[in-house]
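Work through these exercises with the sequence and the 3D structure side by side. Try each task before reading its solution.

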Amino acid sequence: MSDRESLLVGPDGRARCSWVGDDEQYRKYHDTEWGNPLRGDHKLFEKIMLEAFQAGLSWITILRRREGIREAFDHFDAATIAGYGDDDIDRLLNDPRIIRNRLKVSAAITNARATLELTRNDPGALDTLLWSFAPPPRTTRLAAFSDVPATTEESTAMSKALKARGFRFVGPTTMYALMQSAGMVDDHLEGCWRAA
């Protein structure tokens, strides 16, 4: 994508990061969620789950299935998911609302158990851990998609810290996407109305 194509003017006359395209659901996500600071163990556990399911797929695929994933996985309740067994895995692998990938489903359960272990005696520990990797705000806004990194030192460090605690599907690229979506970094491009 050329630098000129990094922004797209929508039907409402607003310039947006062009990854939104012409999809209304993507526009809403971009305008109301992406890049907004997200706090709390439960909300960040949900992001970890969704980003893990997104690995190798487009984010719009996850957005379109988010409500179904939320319902299938007990509203991202880590304690409930941590108790899932073989029957639950079979149920999930037969649920067309989710991404039916055995490795990702198993990772969701493993990540719930790791989250529970981390937060059981220290509520807020997942939030504290993830936000400890947030870099200082950039002094200048990125001008083009070609400037947006896929990974950073911070996302690599976050990935290592989570893997050391037993999390799976939390590679540096996936964790940078989480940092973007949870507002730990602000990658709205120069000229995007959200960058104002």
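**Exercise 1.** How far is the sulfur of Cys17 from the closest cysteine sulfur, and why is there no bond?

*Solution.* Start with the ground rules. This is a predicted model, in which local features need pLDDT of at least 70 and side-chain atom pairs count only at pLDDT 80 or more, while totals for chains, interfaces and linings use all residues. Residues are numbered from 1 along each chain as its sequence is written, and side-chain values use heavy atoms, leaving out hydrogens and water.

Step 1: find the partner. The closest cysteine sulfur to that of Cys17 belongs to Cys192, 3.9 Å away.

Step 2: apply the cut-off. A disulfide is a pair of cysteine sulfur atoms within 2.5 Å. The gap of 3.9 Å is therefore too far for a bond.

Step 3: check the other side. Cys192 is in no disulfide either, and its nearest cysteine sulfur is that of Cys17. By this rule, the count is zero disulfides.

**Exercise 2.** Decide whether Cys17 and Cys192 are buried or exposed.

*Solution.* Step 1: take the scale. Buried means under 20% relative accessible area, exposed means over 50%, and partly exposed lies in between (1.4 Å probe, protein chains only).

Step 2: place the residues. Cys17 has 1% relative accessibility, so Cys17 is buried. Cys192 has 3%, so Cys192 is buried too.

Step 3: look at the chain. Of its 196 residues, 49% count as buried.

**Exercise 3.** Describe the order of elements in the protein chain, then judge its compactness.

*Solution.* Step 1: count. The chain has nine helices and two strands. Helices (H or I, at least four residues) and strands (E, at least two) are DSSP runs, numbered from the N terminus.

Step 2: read the order. From the N terminus, it is β-β-α-α-α-α-α-α-α-α-α.

Step 3: compare sizes. The radius of gyration is 17 Å, close to the 16 Å from the globule rule for 196 residues, so the chain is as compact as a globular protein of that length. The radius is taken over C-alpha atoms, and the rule is 2.2 Å times the number of residues to the power 0.38.

**Exercise 4.** Explain why helix H9 counts as largely enclosed.

*Solution.* Step 1: count. H9 spans residues 172–181, and eight of its 10 residues are buried, so the rest of the structure largely encloses H9.

Step 2: name some. The buried residues include Met175, Tyr176 and Leu178.

Step 3: find the cover. It includes helix H1 (24–32), helix H2 (41–54) and helix H8 (153–164).

Step 4: look past the end. Just after H9, Gly183 takes a positive phi of about 75 degrees.

Definitions and conventions: Contact means heavy atoms within 4.5 Å.
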